[in-house]
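Trainee: I should like to go through this model and ask on what grounds each descriptive term is applied.
Mentor: Please do; let us set each value against its definition.

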Amino acid sequence: MTTDAKLGPALLALRRRNNWTLSDVSSKTGLSTSTVSKAERNKLSLTYDKLVLLSQGLGVDITTFFDGDTGGDHGGTAGRRSINRLNEGS
């Protein structure tokens, strides 16, 4: 079973978009620079607790690290899609 790791690219893109250094992310989250660096390179899987620290410290929704989007700015919010069948929507 293979999985496509999305945390690393998403974290790296977020860091670059905000012009944060590894040290900046470390200071904001309480995670070591080594941990942040390894997570960005998909050399380390983070526990749920560390993902929470990361998302809270960086001010983003935790889903940022799972949606696979590494580009663009979402303003720290996750989107929601609503689908209605023809002539059934309001």
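Trainee: What makes a set of residues here a nonpolar core, and which residues have the most contacts inside the largest one?
Mentor: The model is a predicted one. Its largest nonpolar core has 15 residues, and those with the most contacts inside it are Leu-7, Leu-11, Leu-54, Leu-58 and Phe-65. The term applies because members must be buried nonpolar residues joined through side-chain atoms within 4.5 Å. Two or more residues come from each of α1, α3 and α4, and α1 gives the most, with four.

Trainee: Which residues does Leu-7 touch, beyond those up to four places away in sequence?
Mentor: Leu-7 touches Ala-39, Asn-42, Leu-46, Leu-51, Leu-54 and Phe-65. Leu-7 is also one of the buried residues of α1, which further include Gly-8, Ala-10, Leu-11, Ala-13, Leu-14 and Arg-15. The cover over these buried residues includes α2, α3 and α4.

Trainee: How do you know that α1 and α3 pack against each other, and at what angle?
Mentor: Helix α1 (residues 7–17) and helix α3 (residues 33–40) have axes 7 Å apart, at an angle of about 115°. On the α1 side the contact is made by Leu-7, Gly-8, Pro-9, Leu-11, Leu-12 and Arg-15, and on the α3 side by Val-36, Ala-39 and Glu-40. By class, this contact comprises six nonpolar, one polar and two charged residues.

Trainee: Why are α2 and α4 called roughly perpendicular?
Mentor: Their axes cross at roughly 105° and come within 8 Å. Angles of 65 to 115 degrees count as roughly perpendicular, and α2 and α4 are therefore described in that way. Val-25, Lys-28 and Thr-29 of α2 meet Leu-53, Leu-54, Gly-57 and Leu-58 of α4. The residues of this contact divide into four nonpolar, two polar and one charged.

Trainee: Why is Ser-26 called buried?
Mentor: Ser-26 has a relative accessible area of 18%. Buried means under 20%, so Ser-26 meets the criterion. Ser-26 is found in helix α2, and, leaving aside neighbours within four places in sequence, Ser-26 is in contact with Leu-31, Ser-32 and Thr-33.

Trainee: What makes Val-52 partly exposed?
Mentor: The relative accessible area of Val-52 is 21%. The partly exposed class lies between the 20% limit for buried and the 50% limit for exposed, so Val-52 belongs to that class. Val-52 is found in helix α4. Val-52 and Ile-62 are ten residues apart in sequence, while their C-alpha atoms are 6.8 Å apart in space.

Trainee: Why does Asn-19 count as exposed?
Mentor: Asn-19 is at 67% relative accessibility. Exposed means over 50%, and Asn-19 therefore counts as exposed. Asn-19 is found in the loop between α1 and α2.

Trainee: What is notable about phi of Asn-19?
Mentor: Phi of Asn-19 is near 55°, a positive value in a residue other than glycine. Most residues other than glycine have a negative phi.

Trainee: Where does Asn-42 lie, and why is it called partly exposed?
Mentor: Asn-42 lies in the loop between α3 and α4. At 37% relative accessibility, Asn-42 falls between the limits of 20% and 50%, and so counts as partly exposed. Phi of Asn-42 is likewise positive, near 55°, in a residue other than glycine.

Terms used: Residues numbered from 1 in each chain as written. Predicted model: local features only at pLDDT ≥ 70, side-chain atom pairs only at ≥ 80, totals over all residues. Heavy atoms only, no water. Axes fitted to C-alpha atoms, helices over the stretch in contact; angles between N-to-C directions. Contact = heavy atoms within 4.5 Å. Nonpolar A, V, L, I, M, F, W, Y, C, P; charged D, E, K, R; others polar. Buried < 20%, exposed > 50% of the residue type's maximum accessible area, 1.4 Å probe, protein only. Parallel < 35°, antiparallel > 145°, perpendicular 65-115°, else oblique.
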